[in-house]
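Hi there,

Here is the structure I promised to pass on. Have a look at it first, and then read on for what I found.

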Amino acid sequence: MTGICTGRVAVVTGAGRGLGRAHALALAAEGAHVVVNDLGVAPDGAGTSAGPAQQVADEIRAAGGRAVAHTGDITTTDGAASLVTTALDAFGRLDALVNNAGFLRDRMLVNLDEDDWDTVIRVHLKGHFLPLRHAAAHWRAEAKAGRRPDARVVNTSSGAGLLGSVGQGNYSAAKAGILGLTLVAAAEMARYGVQINAIAPAARTRMTEQTFADTMAAPAEGEFDAMAPENVSPLVVWLSSTASDGVTGRVFEAEAGRITVMEGWRPGPTADKGSRWAPTEAGETARTLLAAAEVPQPVYGAR
């Protein structure tokens, strides 16, 4: 290990299992003190348990690191605010926030009820906004007090947020919203010494091992496990460290041994008449422009 995060304090949400657990362990292995947040819910968000967060915190301490468990609900103001106070009370500072918590309630749109929509938007999008809002307020106060932070936020989007995913309208909308939130937050917080980026990971978790069972299957013994969550964590650790200086407002795909910088909406073919189009003219022009444009990538899950 390189010790790239030695002395830094990181909060990881949804850190009791899967990607969050891998991130928490990787940060601790590189010297960070970690607040391990997890509500301990089922894959669909039902129930709660303090066990997963405590187990990961115990695992970090058993390996010689420093960690505390946090089992508050980060989709509430009190729960999100207590993430910051827990870090400050336990370790005296906060340097990085990794927003990772989430779950699925997959339905085709015609079967997607309002509660399934609201619940997934709440845990993913509001569950990113509230921890970010409270951490940002802390870092802004530090900067205004003359203690400019060197802080980092890593948000978790998805290929579903980048391209859409059949049967996951709620999840795709939430993950796309996280990308927009990341861009705005990066612009707003730069003046206070805070860098904010997002990842779109692909890995084996409780959320993916059933939805994409064939893709997420474990390899034969001795082969590289391309879908292991631990493959994503090195990028998260680097983005959480001071070594990532100058990198903000970016989105990365991370899968297996591959890291990709994702490039978002940008102008493609265009036409300007200089006056108002007639509907038929607009349609003919749109078809001409589409013929010159790149073909979009297929939606996840399309058949």
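A word on terms before the details: a residue is called buried when its relative accessible area is under 20%. Please keep in mind that this is a predicted model.

Let me start with helix H1, which covers residues 18-29. Its 12 residues reach 17 Å from the first C-alpha to the last, close to the 16 Å expected at 1.5 Å a residue. The buried residues of H1 are Leu19, Gly20, Ala22, His23, Ala24, Ala26, Leu27 and Ala28. Their cover includes four strands, E1 (9-12), E2 (33-37), E4 (96-98) and E6 (194-202), along with helices H2 (51-62) and H8 (233-240). Just after H1 comes Gly31, with a positive phi of about 100 degrees.

H1 leads on to the nonpolar cores. The largest one has 30 residues, and those that touch the most other members are Ala24, Leu27, Val34, Val36 and Ile60. At least two residues of this core come from each of E1, H1, E2, H2, E4, H8 and E7, and H1 gives the most, with five. As background, nonpolar side chains in soluble globular proteins tend to be buried together. To take one member of the core, Val36 has contacts beyond its neighbours within four places in sequence that include Val12, Ala24, Val56, Ile60 and Val68, as well as His70. Apart from this core lies another, of 23 residues, with Val11, Leu83, Leu97 and Ala186 among them.

Next, strand E7 (residues 251-255). Four of its five residues are buried, so E7 is largely enclosed by the rest of the structure. E7 pairs with E6 in the parallel sense over five bridges, and there Ala202 stands opposite Glu255. With strand E8 (residues 258-262), E7 pairs in the antiparallel sense, also over five bridges; Val251 has Met262 of E8 as its bridge partner. E7 and E8 form a hairpin with two residues between them, and Ala256 in the turn has a positive phi of about 55 degrees.

One last residue to look at is Thr182, in helix H6 (residues 169-189). Is Thr182 buried or exposed? Its relative accessibility is 0%, so Thr182 counts as buried. The side chains of Thr182 and Asn155 are joined by a polar contact of 2.9 Å. Leaving aside neighbours within four places in sequence, Thr182 is in contact with Asn155, Ile196, Asn197 and Ala198.

Enjoy exploring it!

Best wishes

Methods
Residues numbered from 1 in each chain as written. Predicted model: local features only at pLDDT ≥ 70, side-chain atom pairs only at ≥ 80, totals over all residues. Heavy atoms only, no water. Buried < 20%, exposed > 50% of the residue type's maximum accessible area, 1.4 Å probe, protein only. Polar contact = N/O pair within 3.5 Å; in protein donor to acceptor, adjacent residues only side chain to side chain. Contact = heavy atoms within 4.5 Å. Expected span 1.5 Å × (residues − 1). Pairing = 2+ DSSP bridges. Core = buried A, V, L, I, M, F, W, Y, C linked by side-chain atoms within 4.5 Å.
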